[in-house]
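This report is meant for a reader who is meeting the structure for the first time. It moves from one helix to the contact between the chains, then to the core, and finally to some local details.

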Amino acid sequence: MDALAPLIAAALMAGTPLMLAALGLLVNEKSGVINLGSEGMMLVAAALGFAVAVESGSTWVGFAAGALAGAIMAAGFAWLVVWLSANQIACGLALSIFGVGVSASIGLPYVGATLKAASWAIPGLSEIPFLGRALFQQHPLVYTAIVLALALSWFLYRTRAGLILRAVGESPESAHALGYPVRRIRLAALLFGGACCGLAGAFMSLVYTPMWVENMVAGRGWIALALTPFATWRPMRVLVGAYLFGGITILTFHMQALGVPIASQLLSMLPYLATILVLVLISRNVDWIRINMPASLGRVFIPNR
Amino acid sequence: MLELVPRAEPSRRMMWLSPVLALALTALCGALMFIGVGKAPVQGLYVLFVAPLSSLQGWAEIGVKMAPLLLCAIGLALCFRANVFNIGAEGQLVVGSIAASAFVLAFDDGLGGQGGWYMIALAILAGALGGAFWASIVAWLRDRFHANEILVSLMLVYVAELLLSYLVHGVMRDPDGFGFPQSRMFNDGFLLPILPGTRVHAGIILALLVALWAWLFLARLLAGFRLTVGGLAPLAARYAGFSSRRALWGCLLGSGALAGVAGACEVMGPIGQLTPSVSPGYGFAAIIVAFVGRLHPVGVIFASFIMALFYIGGELSQTRLGMPSAITGIFQGILLFSLLACDVLIHQRLRWRP
């Protein structure tokens with residue numbers, strides 16, 4: 001039983017970057033824009049965040065740099081797809097390819113650098129025998145992600161601003177006719193999404209590994225993209241999905257450590273195969289997706305004067 | 001203030017001008033980037049864009065890089081025309097290289113004699129089947145379960161790379177290779193013919209022939225017309241009785257097979273064995289090639305030439321200027337961004353509004 005506590009702790013940690021990125025993408029998609037650049041934004045944020053943290057000696061400055069990098073990349077993306085009405089799919093792919101190159105260049109001098117390891121514990125709660133080790137000795141961002149999921153479900157479904165955001169995603173024409181600035185709302189959503197992906201990337205290089213290796217995000221940006229339809233665009237279901245995938249990732253590590261006679265490469269395929277399986281399961285019912293998906297997702301909107 | 005005004009109809013001139021403009025913008029961004037890292041911009045751009053073309057060896061190396069890019073990009077252009085976003089060409093290339101290597105390793109041990117053109121052709125066919133098989137998974141999941149082809153094809157890239165790593169660490173590893181994760185070198189009779197003195201191989205001729213076929217297919221054959229209509233106007237295509245399922249399967253199997261051929265040509269050409277890294281991201285760069293080439297076979301030929309130039313220029317700027325080799329990826333991304341921004345001018349024009 002005691003062996004289980006570190007596993008749960010590791011699964012929560014592995015699920016956190018997925019959750020942060022997926023929550024950001026969820027807000028993007030609720031406003032009607034799909035950003036396939038998540039992998040690129042996470043990579044650049046991971047490299048830049050790590051570089052800044054090594055130079056400044058503070059991981060918090062690194063996190064800020066990562067979030068800022070994600071937001072700046074998202075701003076460029078927003079200018080292309082929201083103002084110039086360029087193809088969202090192609091622009092997102094370009095952002096991801098661009099991010100792979102940029103992050104490799106930024107991170108090159110920092111390959112092999114290390115950060116001082118820090119341990120965290122919530123006073124009092126972390127002393128509880130089993131639960132303390134499993135739940136209450138995490139990096140603050142792990143809890144921030146949970147709070148963010150709660151806050152987003154409140155924001156989207158209980159506030160006026162959330163209602164407007166969803167209206168923009170469901171019918172930009174109607175929202176425009178009512179006088180809402182559709183383009184600026186979408187820009188705000190994209191900036192938020194970029195900052196979230198940036199935080200997720202910085203978490204990868206500053207807390208999860210913690211080091212920089214080329215292409216270290218390893219498809220998590222894409223898995224996060226698959227999490228939003230999996231969660232039928234609900235924040236709390238994103239939380240469940242992210243921890244599920246975190247659990248699968250940790251399970252594969254643990255099976256290797258236990259010496260299960262399956263090659264490590266085959267075990268490492270599990271998260272990717274699980275993503276495909278999840279996509280198949282949720283996409284099977286076309287109506288289910290159609291009801292839940294923001295109606296204008298991926299469509300170009302040009303306001304008439 | 002400058003503002004965008006919709007044009008009455010798309011500008012044909014901008015259709016051709018936009019990639020040229022994008023290339024100029026990319027060069028400008030590159031110059032700024034060189035200034036930013038404290039290098040002479042003119043010298044930097046010279047190394048990147050001109051130096052590779054100043055020797056026969058440079059042209060030959062461009063041919064080496066162009067072959068896989070062109071093969072993958074032709075297939076992707078067909079896919080994108082039909083609105084099927086297959087972005088997993090990298091994975092299909094890897095599986096093609098595995099299949100071709102398995103064939104060669106099985107037959108170059110005496111079973112297939114001294115090799116020869118028919119054995120090479122069969123190995124390429126094996127690669128094509130491997131790539132088509134990998135793409136067929138995407139087609140089946142999309143057709144049967146409506147699973148998003150972007151995410152499925154991308155996830156399969158990671159699976160394919162892990163499969164390759166598993167095989168070269170296991171059953172396909174050279175038993176006399178001191179434990180290095182790679183297969184043994186293929187026998188000479190199973191390697192593609194090369195231009196003497198260079199590394200450029202028959203794959204580039206194959207790629208150009210495929211481009212020619214794709215041009216005929218799109219311009220002259222009913223199936224190509226069906227594909228284009230299905231992408232441009234799905235409702236019109238359905239009304240005309242064109243099957244969208246056939247288009248989905250056709251373009252995914254075709255592009256998978258072409259990516260597989262690219263993988264086969266890599267292992268039987270410049271590499272000569274199966275290694276854990278058969279491709280430096282050709283499958284992803286091919287996405288950019290397809291878009292920059294306007295999804296048109298002739299355009300794709302030019303675009304793959306430019307992208308191959310970026311690869312060689314990137315390698316040169318690494319050795320001569322000490323820039324990281326990832327500079328290639330940055331330029332690829334900037335080129336696609338610039339193109340997408342310039343493409344706005346096809347359907348809209350700039351107007352000065354005081």
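How many residues does α4(A) have, and what distance does it reach from its first C-alpha to its last? In this predicted model, α4(A) has 20 residues and reaches 28 Å between those two atoms, close to the 28 Å expected at 1.5 Å a residue. The helix is mostly covered, since 18 of its 20 residues are buried.

**The contact between the chains**

The contact draws 36 residues from chain A and 36 residues from chain B. On the side of chain A that touches chain B, at least two residues each come from α4 (88-107), α10 (220-230), α12 (264-268) and α13 (270-283) of chain A. Of these, α4(A) gives the most, with twelve residues. By type, the residues on that side of chain A divide into 26 nonpolar, nine polar and one charged. As for the scores of the model, ipTM is 0.89 and pTM is 0.91, while chain B has a mean pLDDT of 89, with 99% of its residues at 70 or more.

**The nonpolar core**

In soluble globular proteins, nonpolar side chains tend to be buried together. Here the largest nonpolar core has 222 residues, and those with the most contacts inside it are B:Cys72 and B:Met268. Helix α9 (residues 182-208) of chain A supplies the largest share of this core, 17 residues. When neighbours within four places in sequence are left aside, the residues in contact with B:Cys72 include B:Ala89, B:Leu93, B:Leu258 and B:Tyr282.

**A helix and a pair of strands in chain B**

Helix α5 (residues 117-145) of chain B has 29 residues and reaches 41 Å from its first C-alpha to its last, close to the 42 Å expected at 1.5 Å a residue. Within this helix lies B:Gly130, which counts as buried because it has 30 C-beta neighbours inside 10 Å. Not counting residues up to four places away in sequence, B:Gly130 touches B:Val95, B:Gly96, B:Ile98, B:Ala99 and B:Gly260. B:Pro10, by contrast, is 120 residues from B:Gly130 in sequence and 40 Å from it in space, C-alpha to C-alpha.

Strand β1 (residues 2-6) of chain B pairs with β2(B) in the antiparallel sense over five bridges, and B:Leu4 stands opposite B:Leu350 in β2(B). Is strand β2 (residues 348-352) of chain B buried or in the open? The number buried among its five residues is zero, so β2(B) lies largely in the open.

**Residues with a positive phi**

Most residues other than glycine have a negative phi, and most peptide bonds are trans. The table sets out three residues with a positive phi.

| Residue | Phi | Place |
|---|---|---|
| B:His146 | about 60° | just after α5(B) |
| A:Asn215 | about 60° | loop between α9 and α10 of chain A |
| A:Ala218 | about 50° | loop between α9 and α10 of chain A |

How exposed are the two residues from chain A? A:Asn215 counts as partly exposed because it has 14 C-beta neighbours inside 10 Å, and A:Ala218 is likewise partly exposed, with 18 other C-beta atoms within 10 Å.

Technical notes. Residues numbered from 1 in each chain as written. Chains lettered and ligands numbered in written order. Predicted model: local features only at pLDDT ≥ 70, side-chain atom pairs only at ≥ 80, totals over all residues. Contact = placed C-beta atoms within 7 Å. Helix = DSSP H or I, 4+ residues; strand = E, 2+ residues; numbered from the N terminus. Nonpolar A, V, L, I, M, F, W, Y, C, P; charged D, E, K, R; others polar. Core = buried A, V, L, I, M, F, W, Y, C linked by C-beta atoms within 7 Å. Buried ≥ 20, exposed ≤ 12 C-beta atoms within 10 Å, placed from the backbone. Expected span 1.5 Å × (residues − 1). pLDDT = per-residue confidence, 0-100. Pairing = 2+ DSSP bridges.
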